[in-house]
Amino acid sequence: MAVRTCVILLALVVVIVPLIGPGVAYERPPARKMYVVPADDDKDPNHPEQVHISLVGADKMRISWLTKDDTPAEVRYGTEKGQLGSSAAGTTRSYKYTIYKSGTIHDVIIGPLTAGTVYYYRCGSSGPEFSFKTPPSQLPLRIAVAGDFGQTEWTKSTLEHISESNYDLLLLAGDLSYADLYQPLWDSFGRLVEPLASRRPWMTAIGNHEIEKVVFIHTEKFTSYNSRWHMPFEESGSTSNLYYSFEVAAGVHVVVLGSYTDFGSDSEQYKWLEADLGKVDRKRTPWLLVVLHAPWYNTNTAHRGESESDDMRDSMEELLYKARVDAVFAGHVHAYERFDRIYKGKTDKCGPVYITIGDGGNREGLATKYDEPKPDISLFREASFGHGQLNVVDGQRMEWTWHRNDDDQSVAADSVTLKSLATEPDCN
């Protein structure tokens, strides 16, 4: 029965995947082969898997995991290994997608927690003891940034490089699993990233590969993503898991936007963004970052002319500019590109730096064609897999480095030091 189910689901993928997501066709070089992490059928049905964590408010953490059987959502935790004296209970759910039914998805919020502290925890009544470290209460803060992971041998290599970077949290600019309707790949992705995502908070955005809507077959968007990757939208006053914000290290405000939900000036997302940016006190919070999927600026020939890029920029760019957003990170285009500070297509010292980092390792390969000659607003671009590291040093300075994945070696190929716009007299 399991084999027949897989065959049917794969057939759906072959037929429907070419119709998913907007975009202009372009040639890509072949990627490395898929890296699928299968389930361990010998483990207890109550054994937790696909464990990942995310920030909730100033001093709490959400623990999420799956089990085969329907078991209670409970986490025991503490600051000493083997001494798990605190506990918290949460909720469970599951979802159906055509003929696939997920395992039981557990969601537990623990805290209050102490900043910069290692906590040990156990999910449910069985399974191993995990550990994570909470972000610091003050700067400096180290952030790993990536996009368009998928599940290939390139992805595995990129994850290994990120694990070596001693980061405090990860920002993922959409396109997580590349399941593309075939739901067992969501399970595989959860297993693949668990060694990292169970130890540091992962804060994610939606991409086009998370939509998974099929006319007449599955009419709801983002079913799998919303069920598995619950972000702290409620705490930021958002009504949707597709866009939210959070603060970390008493100096960094991060806004995560949804490229594939309404973004016009009369939309809920626009109104929420306007209100959220208006609440940020830049004297107390010197850094303002934005994460989304479809890039607003792009000199690659891939994904040009898409509404999710151009129309969203036309709608929201002024809000970001007036708020003096320092940097905007995007994915979608499978390459790396760093722009100057920009507003309305021109260099502007008070605009955000735009960075495209959709090169995490996806199965579709790299986008290798660019506009020539290179426009002046584009400062560095390269079609290679890799990831970024953002070191927020203090309230005035942060250091950005892009690490190329060069034959499985992490090579620092581009870097820049940025000054907070909140400290620039001409911008305030």
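# Exercises on a predicted model

At 1% relative accessibility, His332 counts as buried. This residue belongs to a predicted model, and the exercises below move from its backbone to the overall fold.

**Exercise 1. Determine where His332 lies and what sign its phi has.**

Solution. Step one is the location: His332 sits in the loop between strand 17 (327–330) and strand 18 (336–343). Step two is the backbone angle: phi of His332 is near 75 degrees, a positive value in a residue other than glycine. Step three is the background: most residues other than glycine have a negative phi. Step four is the environment: buried means under 20% relative accessible area, and His332, at 1%, counts as buried.

**Exercise 2. Repeat the analysis for Ala250: is this residue buried, partly exposed or exposed?**

Solution. Ala250 is placed in the loop between strand 14 (244–248) and strand 15 (252–256). Its phi is near 50 degrees, again positive in a residue other than glycine. For the environment, the partly exposed class runs between the 20% and 50% limits. Ala250 has a relative accessible area of 43%, so Ala250 is partly exposed.

**Exercise 3. Identify which residues are joined by the cis peptide bonds at Pro112 and Pro140, and locate each proline.**

Solution. Begin with Pro112: a cis peptide bond links Gly111 to Pro112, with omega about 10 degrees. Pro112 is found in the loop between strand 8 (104–110) and strand 9 (118–123). Turn next to Pro140: Leu139 and Pro140 are joined by a cis peptide bond with omega about 15 degrees. The loop between strand 10 (129–133) and strand 11 (141–146) holds Pro140. As background, most peptide bonds are trans.

**Exercise 4. Describe the secondary structure and assess the compactness of the protein.**

Solution. The secondary structure comprises six helices and 24 strands. The radius of gyration is 21 Å, and the globule rule gives 22 Å for 428 residues; the two values are close, so the protein is as compact as a globular protein of that length. Along the principal axes, the C-alpha atoms fill a box of roughly 60 × 50 × 45 Å. Of the 428 residues, 59% count as buried. Finally, consider contacts between residues at least 6 apart in sequence: 69% of them join residues at least 24 apart.

**Exercise 5. Characterise the surface and the charges: how many side chains are positive and how many negative?**

Solution. The protein exposes about 17,300 Å², and carbon and sulfur atoms supply 50% of that area. There are 44 positive and 59 negative side chains. The centres of these two sets lie 2 Å apart.

Terms used. Residues are numbered from 1 along each chain as its sequence is written. This is a predicted model: local features need pLDDT of at least 70, side-chain atom pairs count only at pLDDT 80 or more; totals for chains, interfaces and linings use all residues. Side-chain values use heavy atoms; hydrogens and water are left out. Helices (H or I, at least four residues) and strands (E, at least two) are DSSP runs, numbered from the N terminus. The radius of gyration is taken over C-alpha atoms; the globule rule is 2.2 Å times the number of residues to the power 0.38. Buried means under 20% relative accessible area, exposed over 50%, partly exposed in between (1.4 Å probe, protein chains only). Contact means heavy atoms within 4.5 Å. Accessible areas come from the Shrake-Rupley method with a 1.4 Å probe; for residues, only the protein chains shown count as cover. Lys and Arg count as positive and Asp and Glu as negative; His and the chain ends are not counted. The place of a charge is taken as NZ of Lys, CZ of Arg, CG of Asp or CD of Glu.
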